[in-house]
Amino acid sequence: MSAGVATLVVTALLLAMAYRGSSLRDWSAALLFIGVVLAISDFGSLWLVPGIVAAVLCIRSVRMRLVTRPAYGLVRKILPKVSPTEQEALDAGTVGWDAELFSGSPNWDTLAATRAPTLTDDEQAFMDGPTHELCKMLDNWDISHHRRDLPPAVWAYIRDNGFLGMLIEKQHGGLGFSAQAQSMVVSKIGSRSVAAAITVMVPNSLGPGELLTKYGTDQQKSYYLPRLADGTEIPCFALTGPNSGSDAGSMHDVGVVCERDYNGQPTLGVALTFDKRYITLAPVATLIGLAFRLHDPEQRLGQGTDVGITLALLPHDHPGVSTGRRHYPCRNAFMNGPVTGTDVFVPMEFLIGGADYAGQGWRMLMECLSVGRAISLPAIGTTATKATLRTTSAYARVRRQFGIAIGRMEGVAEPLADMVKTAYVFEGARAATAAMVDDGEKPSVVSALMKYQATEAMRRSYDNAMDIHGGKAICDGPSNYLFADFGAVPVGITVEGANILTRTLITFAQGALRAHPWLYKEIQAAQADNADQGANDFDTAMAGHTRFTLQNLAASLVHNLSAGRLASAPDDAGHEQHWYRQLHRMSHAFALVADLTVVVVGGDLKRKQMISGRLADALAELYLIATSLKRFRDDGRPDADQLVLDASIQDALARFQGHIDAVIDNFPVRPVAWLMRACALPLGRTFRPTSDRVNYRLAKAILVPGEWRDRMTRDMFVSDDAADVTGVLEAALTAVTAVEDIEQRFLKGMRKGLYEWRHDQDAIEQAVGAGVISADEAAQLRDALRLTDQVVAVDHFDPRELAPGAQA
């Protein structure tokens, strides 16, 4: 046997062993076999050494003494201690599809088992009835410019129809809606007014309602939940302070357990001074949820002196509490403001869950946040992508320049196509994420990923919409349907965890700990109080981690060299089978790079935020590919959607490889980076963004009214009133499309010089006279042009209307 042949055979065998995740015993047997064969073949007895070493390490006592305990001791020394707040955040959420992506071998049954986005009859009736009626009542110009608040009639309608109690169970007077229904209701309202959507969203997200439902005492539930459900109480939740935003563990709001006279009786409670800001609904709230740090110097609660973060409920008029003032975030009309308290006495019965839940506030918040964040801002961000697509595509078809609809110009078609793909992808992701919550998950990693990705998608879609509309979008007024909510974009980017920190510190860092199959087990073992038990657990975890790493090295190399042809796909996959295979392929590449990153960078991962952020982006692309495939499947695999699915996934794969490439380029340990590149990108970046030809087809398709355009912008409010600011857009689009042939003949006559556009002449009448169009056709064309004029018109004001203090 030649040396070349021997090398190929040995390499193939070792690669196959790694690919199948072989155990140490299997490795020792294989290496001994290889060593014996090579020794017999006169390649030397040194080939027996790897097999002998592996065989010796199979003896647990030897392995523990030579490998495990030294490694365990080193890890215990260098591994940074997980803080109590970090531990509670890790323990609060669950992992699901994110763990499948981290595994490198996603189980397609897990994705398929996530329920389709369906509503009950009651939920659908609420969408079609009260939600639609509420949308019709909303006038964004009146809300944002005149009132800087929702009209009293709208507030009353929201209260009277149960919008504030969607998550509260029916037994307590609420609607008891699913997460999917809550997401869709908020999304539909948001397509009309972000201020109204936020008003509905907050009580159904992180706040007193959800906290009471999960942790409240029976007395608290029976009293407060019905009052929250019918709008008697307006809730807010005060968490953020001047010195504690994303770093809630550093809050300066400290309460001390003490006894005071309350309602004429000696009462055990908490003396508390606090300062909170950015609290949505605070100016109008009647019930305040409050987070603070609890100290118990006399140990009255029996939990030590530093009890921890604790949650309480306070009436807004409780002595010492101050509310009512407003912040004005980006000139948005939703209620937001500070909440302060000076020497406030909080009886123990005001603690959510009572004294038994003192000190458990951070865990409670993280569990609720992982659910609420999966519903709320993904709904707002997604509806923005659909609403801007709906209005911008209509405007791009109606508005003409250089004799053609601007949407048919390649320069405009490019951002318009991006809006189509974005709306398609994020509606699928919104629906799948809400469905995961309904399936009982608390997707802390996915909810963080979706929050920052959906709000960034909102920003990009608004930027594209503003660019395409041009002067129409920048002149504010009653006919401007974009500007009022354009100011909400940076608000969404900032709240519920600023995107920069969510991307660089939370998504991948938490995801690596929670979703990695072995890392968290190793960390738990390394931080165990019992060192002997910890070492044994570490040995098991390290063995599993080693197999996992070797398997991803081999699988990533094999699937990348074979372009995914050997990767898996669901048995019933049709057109999309190729994309399932590519997702499997890229999942292995991600799992490899992510695994080597956490192993090599270790405790420095929090400081390597550029690398962590890029890995978060890579994980996000995989998640969005998966949910796009799920949407296509749940929608019945419509032929008309194949083009947008293919284009969206191709773009996502190109971006994914870009993120991985950037991680490798900037990885601090270069030999490890070379190994990553050899396995994860052995052929370089093989995916390229969608071609101009395909993007132009998508842009042209969205300009045509019909079923496909409706599906791309589904479940949002669409006005059929031509007197409405967006209703006239729909009417103009329909009219302009209907007269396209008439318009072309009319324009052809103009180019021949038979007549011209002039303010002092009627070109349409001249066209009739010239026999270019008939009188009936002229009437149709006039109606289309009248509607077009309404659409392209911009508002203007007498200077006195815009003077300081004036109400325009």
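1. Starting with a term used below: a residue is called buried under 20% relative accessible area, exposed over 50%, and partly exposed in between. By that yardstick Arg758 is partly exposed, because its relative accessible area is 36%. Keep in mind that this is a predicted model.

2. Arg758 has a salt-bridge partner in Glu756, with the closest N and O atoms 3.8 Å apart. Glu756 is also partly exposed, at 41% relative accessibility. Elsewhere, salt bridges with shared partners join Lys386, Glu427, Arg430, Arg631, Asp635 and Arg714 into one network. If you want the overall tally, the whole structure has 43 salt bridges.

3. Another pair worth a look is Asp710 with Arg390, where the closest N and O atoms are 2.9 Å apart. Asp710 sits in helix α29 (residues 707-712) and Arg390 in helix α15 (residues 361-398), so this bridge ties together parts that are 320 residues apart in sequence. How buried or exposed are the two ends, Asp710 and Arg390? Asp710 is partly exposed, with a relative accessible area of 38%, while Arg390 is buried at 7%.

4. Glu740 and Arg408 also meet through their side chains in a salt bridge, at 2.9 Å from N to O. This one links distant parts of the chain, 332 residues apart: Glu740 is in helix α31 (residues 740-751), and Arg408 is in the loop between β9 (404-405) and α16 (410-438). Here Glu740 is partly exposed, with a relative accessible area of 25%, and Arg408 is partly exposed at 29%.

5. Now for Gln220, in helix α14 (residues 218-229). Why does Gln220 count as buried? Because its relative accessibility is 6%, and the cut-off for buried is under 20%. Its side chain has polar company: a polar atom of the Gln220 side chain lies 3.0 Å from the backbone nitrogen of Thr217, and the side chain reaches the backbone oxygen of Glu349 at 3.0 Å. Setting aside neighbours within four places in sequence, the contacts of Gln220 include Leu212, Leu225, Phe350 and Ile352.

6. Helix α2 passes a simple geometry check: at 1.5 Å a residue, its 17 residues should span 24 Å, and the end C-alpha atoms are 24 Å apart, which agrees. Buried residues in α2 are Trp27, Ser28, Ala30, Leu31, Ile34, Gly35 and Leu38. As background, an α-helix has 3.6 residues a turn, so residues three or four places apart point the same way.

7. Last, the surface. Leu46, Val49 and Val53 make a nonpolar patch of about 290 Å². Leu46 is in the loop between α2 (24-40) and α3 (48-57), and it counts as exposed at 70% relative accessibility.

Key: Residues are numbered from 1 along each chain as its sequence is written. This is a predicted model: local features need pLDDT of at least 70, side-chain atom pairs count only at pLDDT 80 or more; totals for chains, interfaces and linings use all residues. Side-chain values use heavy atoms; hydrogens and water are left out. Patches are made of residues with over 30% relative accessible area and no salt bridge: like charges are joined within 9 Å, nonpolar side chains (Val, Leu, Ile, Met, Phe, Trp, Tyr) within 5 Å. Accessible areas come from the Shrake-Rupley method with a 1.4 Å probe; for residues, only the protein chains shown count as cover. A salt bridge is a side-chain nitrogen of Lys or Arg within 4 Å of a carboxyl oxygen of Asp or Glu. Helices (H or I, at least four residues) and strands (E, at least two) are DSSP runs, numbered from the N terminus. Buried means under 20% relative accessible area, exposed over 50%, partly exposed in between (1.4 Å probe, protein chains only). A polar contact is a pair of N or O atoms within 3.5 Å; within protein, one must be able to donate a hydrogen and the other to accept it, and residues adjacent in sequence count only if both atoms are side-chain atoms. Contact means heavy atoms within 4.5 Å. The expected span of a helix is 1.5 Å times one less than its number of residues.
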